[in-house]
Amino acid sequence: FAINMTQLQLEEELGRGNYGTVKKVLHKPTKVYMAMKEIRLELDDAKLNGIIMELDILHRAAAPEIVDFYGAFFIESCVYYCMEYMDAGSLDKLEQDGIPEPVLGRIVGSMVRGLKFLKDDMQIIHRDVKPTNVLVNKKGEVKLCDFGVSGQLERSLAKTNIGCQSYMAPERIKGESQNNLGTYTVSSDVWSLGLSVIEMALGHYPYPPETYANVFAQLTAIVHGDPPELPEEGYSDEAKDFVARCLHRVPEMRATYAELLDHPFLVRDRTLEVDMVGWVAKAVESRDTRQRKQIEEAKHLQSLSD
Ligand code: ADP
């Protein structure tokens, strides 16, 4: 069946990304809550239709580690994309206090299985692995979203978006600066995975913007500097080695997904009992408290300036 706007009841906004807004919606015929992403694109109908057709292969991307796709449509110059609603949101907002290692292991295991499924079963390279694109629900499930399935959509979303938090592998940053988009291989995603693991462990991006004079200096550090590592203290050797296997400057030296699944860090994870439900509940609570405080502070500042 095909989803259209008349079947949807709009609820609250879930977040804003670089390219559009994500809203919670109720699909009235099935009573299923969904997350609907709106992407504004200045394209003609033929191109928008092409994107909707390309997105269709997502119906086949059904796996426990991948956010379910329900359908996409366009109205005027906006593409609407409906997916599984993940009620604990994205990991970037849950990691602020740093994620404890056992929970991290569980999350990373899901990410690697999801990435391996995309590559082996769907021939899809994710291209945008980062904590924002890892969604969690209160059942403790961890799933990937926002992977590159539509060539047309990728081309339309400005490629210039090398923000101050780049998860791009060194070869990709170099390629991009030479306007060469052909250098992307699956091992570029492995780099982004390694960087995400460090970020989730520490609770902040591993190349902190305040350490660099500008974005150029930061990108130079990614391309030419030593890859980041987990701190010596506080993490197991397995975790540290896992990250090192992902963050090699030479793409061919990085581990494959099969190797990562066999890595002691993830082998050990499969023997551990981890309370994901409990961790998610606590992380959501502390995120919501933090957000409430921010809103109150903003209101307070506003009242001072009035
Ligand atoms: P970006 O463009 O930065 O990748 P997105 O536009 O994909 O961000 O998403 C913006 C925010 O919306 C996310 O950070 C997340 O909090 C929320 N969000 C996205 N997809 C979902 C979903 N399926 N369920 C719940 N929340 C979501």
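**Exercise 1.** Is Glu-76 buried or exposed, and how many other C-beta atoms lie within 10 Å?

*Solution.* Keep in mind that you are working with a predicted model.

- Step 1: find the residue. Glu-76 sits in the loop between strand 4 (69-75) and strand 5 (78-84).
- Step 2: take the count. Glu-76 has 7 other C-beta atoms within 10 Å.
- Step 3: apply the cut-off. A residue is exposed if that count is 12 or fewer, so Glu-76 is exposed.
- Step 4: look at the backbone. Most residues other than glycine have a negative phi. Glu-76 has a positive phi, near 50°.

**Exercise 2.** Work out where Asp-146 lies and whether it is buried or exposed.

*Solution.* Let's follow a similar path.

- Step 1: Asp-146 belongs to the loop between strand 8 and helix 3 (151-156).
- Step 2: there are 21 other C-beta atoms within 10 Å of Asp-146.
- Step 3: the cut-off for a buried residue is 20 or more, so Asp-146 is buried.
- Step 4: Asp-146 is not a glycine, yet its phi is positive, about 60°.

**Exercise 3.** Describe the open sheet that contains strand 8, and say which helix packs on it.

*Solution.* Build the picture strand by strand.

- Step 1: the sheet has 3 strands in the order 6-7-8, with antiparallel pairing.
- Step 2: strand 6 (89-90) and strand 8 (142-144) are the edges, each pairing on one side only.
- Step 3: strand 7 (residues 134-136) joins strand 8 through 3 antiparallel bridges. Val-134 has Leu-144 in strand 8 as its bridge partner.
- Step 4: helix 2 (residues 101-122) packs on this sheet and touches strand 7 and strand 8. The direction of helix 2 makes about 35° with that of strand 8.

How values were computed: Residues are numbered from 1 along each chain as its sequence is written. This is a predicted model: local features need pLDDT of at least 70, side-chain atom pairs count only at pLDDT 80 or more; totals for chains, interfaces and linings use all residues. Two strands pair if DSSP finds at least two bridges between them. Helices (H or I, at least four residues) and strands (E, at least two) are DSSP runs, numbered from the N terminus. Two residues are in contact if their C-beta atoms, placed from the backbone, lie within 7 Å. Axes are lines fitted to C-alpha atoms, for helices over the stretch in contact, and angles run from 0 to 180 degrees between N-to-C directions.
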